[in-house]
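Grab a viewer and work through these exercises with the model open beside you. Each task comes with a worked solution.

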Amino acid sequence: MSNANNLLEPSRLRLRGSGGIELAADQFGPIDGPLVVFLHGGGQTRHSWKQTGARLGASGMRVVTLDARGHGDSQWAPDRDYRRDTMVRDLILVLEQLGAPAVVVGASMGGITGLLATAASGGQAISALVLVDIVTRPEPAGVARVIDFLGKHRDGFDSLEQAADAVAEYMPHRPRPKDTTGLLRNLRARDGRWYWHWDPDMLADRGEKTSVMIEQMEAAAGLLTIPVLLVRGMRSDVVSPEGTQAFQRLVPHTQLVEIGGAAHTAAGDDNDSFTDAVAKFVLSTRE
């Protein structure tokens, strides 16, 4: 990956997670650059980070964008095991295979995985953490709205237009795209219908008590000594100003970047601002 074109176009990686599950990833940039691993949110794929990955790779960073189990091109769990602890084990194993301490950037579900992994890994594998619109005390109504969207449309869609309508309803703050082909990265075609590119059974283990999840996250946050960046969409219904302040009290050295006009999908809502913030943070951890 020595020439400029290879820095912009990713190479495909096949990695192994817990129980030997096969995980798909893309890698941008030079192999000897600072390692940054991106973890998407629930119902998303590694393609959520494509523009950011290409930009950071071109700047000299080694960027790996990972499909979580049951998402994108990664294997679906045959035992329907999508528990948070299992995804944490996936991440720790992935970091071992990549062979270097990493800055971990996680959005929503991926942020929870990254945060819990900082404690589970004993502080060795993760050198810095970026949480994208997730805190230890997210807003219940916003979380419920996300889970409700992920649980809908298990019977698929007749057309790309129908899928685009569903996304537009979920994200009213974004203009509905005229070209719906971009949705192909998030859909599977089967028997003449379109289905989301994730295993609907991933919601099966979401019945845990919220109080247990908060306790686990706050315990992990209380141990953080590595650099931490919190990126919040100012229109987010998942991370409120109060939730942000509560996290900052837990982790006083947290750097905060708020993106105006962005909602819970902050990285996609304003990719340039998001990428600039992450690049600045990663470079600061190297100084």
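**Exercise 1.** Which residues line the largest cavity?

Some ground rules: this is a predicted model, so local features need pLDDT of at least 70 and side-chain atom pairs count only at pLDDT 80 or more, while totals for chains, interfaces and linings use all residues. Residues are numbered from 1 along each chain as its sequence is written, and side-chain values use heavy atoms, with hydrogens and water left out.

Step 1. Set up the search on a 1 Å grid over the protein atoms alone: a cavity is a set of points where a 1.4 Å probe fits but cannot get out, and lining residues have an atom within 4 Å of a point.

Step 2. Read off the lining: Leu23, Leu39, His40, Leu66, Ala68, Arg69, Met87, Asp90, Leu91, Met109, Gly110 and Thr113.

Step 3. Sort by class, with Ala, Val, Leu, Ile, Met, Phe, Trp, Tyr, Cys and Pro as nonpolar, Asp, Glu, Lys and Arg as charged, and the others, Gly among them, as polar. The lining of the largest cavity gives seven nonpolar, three polar and two charged residues.

Step 4. Add the volume, meaning the space filled by probe spheres set on grid points joined across faces, edges and corners. The largest cavity holds about 120 Å³, and the structure has one cavity of 30 Å³ or more.

**Exercise 2.** How do the axes of helix 3 and helix 4 cross?

Step 1. Locate the helices, which are DSSP runs of H or I with at least four residues, numbered from the N terminus (strands are E runs of at least two). Helix 3 covers 84–98 and helix 4 covers 109–120, and each puts at least two residues into the lining of the largest cavity.

Step 2. Fit lines to C-alpha atoms over the stretch in contact, with angles from 0 to 180 degrees between N-to-C directions. The two axes come within 9 Å and cross at roughly 70 degrees.

Step 3. Name the arrangement: under 35 degrees is roughly parallel, over 145 roughly antiparallel, 65 to 115 roughly perpendicular and the rest oblique. Helix 3 and helix 4 are therefore roughly perpendicular to each other.

Step 4. List the contacts (heavy atoms within 4.5 Å). Arg84, Met87, Val88, Leu91 and Ile92 in helix 3 touch a set in helix 4 that includes Met109, Ile112 and Thr113. By class, this contact has nine nonpolar, two polar and one charged residues.

**Exercise 3.** Is Asp133 buried or exposed?

Step 1. Find Asp133 in the loop between strand 6 (126–132) and helix 5.

Step 2. Check the backbone. Most residues other than glycine have a negative phi. Asp133, though, has a positive phi near 55 degrees.

Step 3. Apply the accessibility cut-offs: buried is under 20% relative accessible area, exposed over 50%, partly exposed in between (1.4 Å probe, protein chains only). With 0% relative accessibility, Asp133 is buried.

Step 4. Compare His153, in the loop between helix 5 and helix 6. Phi of His153 is also positive, near 60 degrees, but His153 is partly exposed at 28% relative accessibility.

**Exercise 4.** Which residues in helix 2 are buried?

Step 1. Scan residues 50–58: Thr52, Gly53, Ala54, Leu56 and Gly57 are buried.

Step 2. Take one of them, Ala54, with a relative accessible area of 16%.

Step 3. Look just past helix 2, where Gly60 has a positive phi of about 110 degrees.

Terms used
1 Å grid on protein atoms, 1.4 Å probe; cavity = no way out; pocket = protein on both sides within 12 Å on 5 of 7 lines; lining within 4 Å.
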